[in-house]
Each structure stands twice: as C-alpha cells, then as structure tokens.
Amino acid sequence: AWVHGDPRKVIYPTDSYGQFCGQRDTFNENKTILFYFNILKCASPVVLINLQCPTTQLCVSKCPDRFATYTDVQASYRYRPDQWNYFRQFCKPGFNNPRKSVAQVLRDEDCPSMIVPSRPFLKRCFPDFSTKNGVLTVANQTTFKDGRGKTRNVTDLREAANGINIVLDARSVGMKIFEDYAISWYWILIGLFIAMMLSLLFLVLLRFTAGVLFWIFIFGVIGIIGYGIWHCYWEYDHLKGIPGSDLTVYDIGFQTDFKVYLQLRQTWLAFMIILCGVEVIIILMLIFLRNRIRIAIALLKEGSRAIGYIMSTLFYPIVTFLLIAICISYWAVTAVFLATSGEPVYKVMANQTLCKYANLTCDLETFNTTNVTKLCPGAQCTFAFYGGESLYHKYIFIFQLANAFVFLWLVNFAIALGQCTLAGAFASYYWAYRKPADIPLWPLFSSFGRAIRYHTGSLAFGALIIAIVQLIRVILEYLDHKLKGTQNSFTRFLLGCLKCCFWLLEKFLKFVNRNAYIMIAIYGKNFCTSAKEAFYLLMRNVVRVAVLDKVTDFLLFLGKILVAGGVGVLAFFFFTQRIPVFAQEVPMLNYYWVPLLTVIVGSYLVAHGFFSVYAMCVDTLFLCFCEDLERNDGSTAKPYFMSASLHRILGKKKLSPKKA
C-alpha cells in the first residue's frame, strides 16, 4: 500500500485529464478548485464528490461569480473583451478562439455553455443556492440561460440543491459546534476533572459502602415486588362481582387494546402468581447464597483496598488508550494508501446517447488517433476514477481485509497487555503475606516489564484468537449488508444464526482470555495451559463466579451512572445559568447541549476507565482467592494469604500468626 498508494488522490480533486488541482510544482498549483462544465448533468452532490459526473471537469483558481453564456460572450467579445477574458478562464487550457462556432465549441466541450454564480465547497464549485421568501434562488435570480437557447428555472437544480443545502447547513452547524468547543473547552476539562475525582471517591468509599449499597438495592427490589403483589391482590379483589370480570383470557381471545385484559380478574391473578414466584426465588437465593454474596462484597472491599495501595494502576488505562490510538492511526493511514493505490482510469464520454463506445475505457494519449471521434462527434477521453486491472488492484479488497485483521489483532493485543499488567500488579498485592509491607516496590512497572519480556507471545496468541472471531463477524456483517435486498428467508435466517453464534463465541473467548491473562501474570505459564487452568478453576467455583460477576456489574454500573449523572446535572445547571454564583462566568453558547453532552459522555468514559481497573482488580483477587483456598488450608505450614475479613466469612481455621 505504501509503495502504490497516493493520498493526494484524497486530498486534491482530479480534473478530466487525471491531474491534481492545487498540487505544488504543477500547472494547477494555483488552481485548487474543481469546476464542472455542465453541472446540470450531475444528478446529485454524491455524484460530484465521487468524481463521476458525465461532464468535463477543470481545475480553476476561483469559482464563477456571475451568470454568463458562451453565446452572449462570443457575440460581444469584440467590444467587451473583458467579458471574454473572464469567461475564458473556465474553458480548456489554451483555448482562445472566440470565433469558433458555438455548435463546435459545445460539441468539443472547449468551453462551458454557461456559468452560474458558485462558491467552493469540498474544493469543488457548487451553485450559490439561497432561499428568498421561501423560493429557491441563485444570486437572487430564479431563472437563467443555459447557453443552448433555453431559459431554465433554478428549480432544475433542485435535486442537487437539496443535497448541497443539507451539507452546507451541516457545515454551518459544525462551525457553531466548533465555536462552542473553542469557548467552553476549559469548563469541559473542569467537568471531566470533577468526574475523575468522583470516580476516585466512589472507589475509595466502596471499601466501606459496597455491602450497604448492595443490600439497599436488594431489599428495595424485594419491597417493590412485594408492593406489586399487594397491588395485584387489591385489583383482583376489587374486580370481584363486576360483570364480565370473571371471563377468562381464552374467552375474549386476542385483543389489540391491552386495557381489556386489565378488566379481568384472571389477569391480575396471573400477575400476582408470577410476582410471588419471583419474590420467592429472590428470597431463596438470598438465603442459600448469602455466604457467597458476603464473599463477593468482601472481595469488592478488598479490591478498593488494593487500589488504595497501588494507586498508579488507575492511570494505566491512559497507556492502553495511547496504544489503541496508535493502532487506529496505523490502520487508517494504511487503509487510505490502499484505497488510493489505483491508477487513473479514463473512459469515453460522448454527447450522443447512441454512441457504442460510451463509458468504455480509453487511452488518453492515443485517443485522438482512433476513429471514436469520427463515429461519435464530440466524444472525449476523460478521467473517470482510480482503479486498475492488474493482479494487485484485483486483490485490494483482500488487502483491506488483511489490514482490518492486523488492526483487530493489534487492538486486542494492547487490551491483553493492559489486563495482564494490571493482573500482575494486583496479584502481587494478594500474595503479599504481610500487607502492605510485603508488596514489592513499583508493582505496576514490574508487572508491565514481565508482561513485555516473558508473556508477549502468550498475549499475542490470545489476541489472535479474538481477532479471528471478530474478523469473521465483520465478514458476516458485510455479507448481511450485501444480501439485505434478497428475498431468500433461509439465507437471512442462516446469517442471523451465524452472527448470533459468533457473537456468543466472542463473549465466551473474551471471558476465558481475561482469566487466562490473570493466570499468566500469576504463574507465567503459556496461554493454553493458563486458559485451561483458569477455566477449570472457575468451573469448580461457578456459583461464586456468577454471584461475584453480578454483584460487581451492578455496583460498577451504579457508580458509572452516579458519576455521569451527577456531573451531567451539575453541567446542565451551570451551562443554563441556573447557578447564581457562576452565572457571569458562563460562556455565550450557540448550543448549550454541545458541552453538556461532551461532559456527560466524557464523564462516563472517565468512570469506565477507572472502574475497568477496579473490575480487573476484583477478578484477579477472586482467582487468587480460589487458588488460595485450593492450595492452602490455613495451617502454619500452608497459611492463607487472604485478608482477615475474607477468612472470617469462610469460618474455617484461624489464620496462622503472621511471621515477622
């Protein structure tokens, strides 16, 4: 890609001769804008941007600023040469023969038949559309001469105008959004800093409030379901004796109005039975899983304590972010080089619709020596697009897939490196017999060094497995997009099943890989051995895994909502000038929701970054805890490494006295 690619094809527009507009040290150096001879031939702005408009395209230094036709300019060039000199800059380079007949000029497309006031957008000349009293105009005119003897209405360009106006309006909105960012960026940074401090505070408080938050939520759910049971019974008893309420759902059949079912006692009885079942299940789960829930909460508290001793881990997501940013940049640059590695392709453009050579490829250098111009007067060999017929160009799509695969592999490797590094740091905390005295110096940096020096191959292999599955999912999505128009229901069903299966497979493999990296960080074994040992260890503690996973997910989700919601509410009151103390400090904004949404989304991402470290900490401590239970028995010879609070919950042997 880097040998054949040419990003200038994206940066610069290309004229009908395959030359770049505005490229330095060329004839078009000062001609940076692309001009279309007959924009009426262009169906939509999309066609224009894709450079496939069937009309001559030239590089110009500026767009036309007036209405003019070649016929009028030719008739007046003797006594008004300035008009011809102005019009001539939009003709083919070197053409300076106003005596040539209009029919021949238009046939050979030496000059455009007419020019209209335009303005540059995306380095291309588009008509300067505007609306006046709800009427579409160009330079305050609703009609113009097309240079072929007809007076046309501006509405002939409506299809192009609608698309262009949407794009221009989007540009206007974009400029306003940019202005809002320019004058409120420091307040956004303050909001994100507050989000960071709230995230840290939440992680610290989890050491003391994890159990309280969880039990408040559980008893709240039990209370809400209990109220639902009472309400269902009240409705059931209230409908007693009302005519028609004793009918069954089977009697009334299917009804589009759901309220009909609410008039039946049977409906409320069914609701009450379902809620009673859910209530009983929750209560029984709490009774039988109470000890595992206590262990999960204790591990959450232990995770908060571990992060307190290794605070540097909270900022490791910045390293992962930078590595992923490098991967994205590499993929994007390579993709652009691949996409621009084609050679210029020229095609015959004929004014006559019956020309058999129209749209066929041609050679720009030898075109004038062929008989095409004789059979199709006015036909030209013009630039169409970038492509090629060589073996390399035929397989560019495959190369793009390979580039996407490399991108997925590198991103998953960066994530794996972060997980292994954090796991090693938190494992060094758990296996420290005397905490924090036995925690090694700089545990995060030591773990990062071990991961790079000893475990690169294992991490790359784990990332490779995930990347292969993700690439298959990308291909399935591509096939699904291509086959959307087909009516083959079996094909759509099969693709849906495959997409679902590979989605589940990716989720399962990510779960296995995550725990495999933890075992790699602890024991230093290869990926396959670590994955197998981690999987069997988790299966032997499957109930604990399920309970811990759900408890952790709930508390971290609650934390993200609290941080993003709290900072969002504060930002809303600030940017809408509802805080009297800061009313004079609020910048004047076009859209107050721009910094508001940025603060909310940014706060959620900040919280997610901190809490992902916390989740990795809890997962690592849990695997260490399970391994500790299987390897040790609490005796003097094999003492537990777990904290005293975890040991008390287990209710096993007493902790052996810690050695000095």
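How exposed is lysine 510, in terms of relative accessibility? In this predicted model, lysine 510 has a relative accessibility of 38% and therefore counts as partly exposed. The views below take up this residue and its partner, then two further salt bridges, and finally the cavities.

**View 1. Glutamate 506 and lysine 510 pair through their side chains in a salt bridge.** The nitrogen-to-oxygen distance in this pair is 3.2 Å, and the two residues stand four apart in helix α16, which spans residues 489–523, so that about one helical turn separates them. Whereas lysine 510 is partly exposed, glutamate 506 has a relative accessible area of 8% and is buried. Arg473 also belongs to this picture, since a network of salt bridges links Arg473, Glu506 and Lys510.

**View 2. Arginine 305 meets glutamate 302 in a salt bridge within helix α9.** The distance from N to O is 2.5 Å, and the partners are three residues apart, about one turn of the helix, which covers residues 290–309. Glutamate 302 is buried, its relative accessible area being 2%, while arginine 305 is partly exposed at 25% relative accessibility.

**View 3. Arginine 119 and aspartate 128 form a salt bridge between their side chains.** Here the N to O distance is 3.3 Å. Arginine 119 has a relative accessible area of 32%, which makes this residue partly exposed, and aspartate 128, at 29% relative accessibility, is likewise partly exposed. In the model as a whole, the count of salt bridges comes to 13.

**View 4. The largest cavity encloses about 90 Å³ of space.** Its lining is made up of Phe35, Tyr36, Phe37, Ile39, Met114, Ile115, Val116, Ser118, Cys125 and Pro127. Strands β1 (33–36), β4 (114–115) and β6 (124–127) each contribute at least two residues to this lining. By character, the lining residues of the largest cavity comprise nine nonpolar and one polar, with no charged residue among them.

**View 5. The second largest cavity holds about 70 Å³ of space.** Ten residues are found in its lining, and those lying nearest the centre of this cavity are Phe37, Glu109, Cys111, Ser113 and Arg148. The lining of the second largest cavity divides into four nonpolar, three polar and three charged residues, whereas that of the largest cavity has no charged residues. Altogether, four cavities of 30 Å³ or more are counted in the model.

Technical notes: Residues are numbered from 1 along each chain as its sequence is written. This is a predicted model: local features need pLDDT of at least 70, side-chain atom pairs count only at pLDDT 80 or more; totals for chains, interfaces and linings use all residues. Side-chain values use heavy atoms; hydrogens and water are left out. On a 1 Å grid over the protein atoms alone, a cavity is a set of points where a 1.4 Å probe fits but cannot get out, and a pocket is an open set with protein on both sides within 12 Å along at least five of seven lines; lining residues have an atom within 4 Å of a point. Grid points are joined across faces, edges and corners, and a volume is the space filled by probe spheres set on the points. Ala, Val, Leu, Ile, Met, Phe, Trp, Tyr, Cys and Pro count as nonpolar, Asp, Glu, Lys and Arg as charged, and the others, Gly among them, as polar. A salt bridge is a side-chain nitrogen of Lys or Arg within 4 Å of a carboxyl oxygen of Asp or Glu. Buried means under 20% relative accessible area, exposed over 50%, partly exposed in between (1.4 Å probe, protein chains only).
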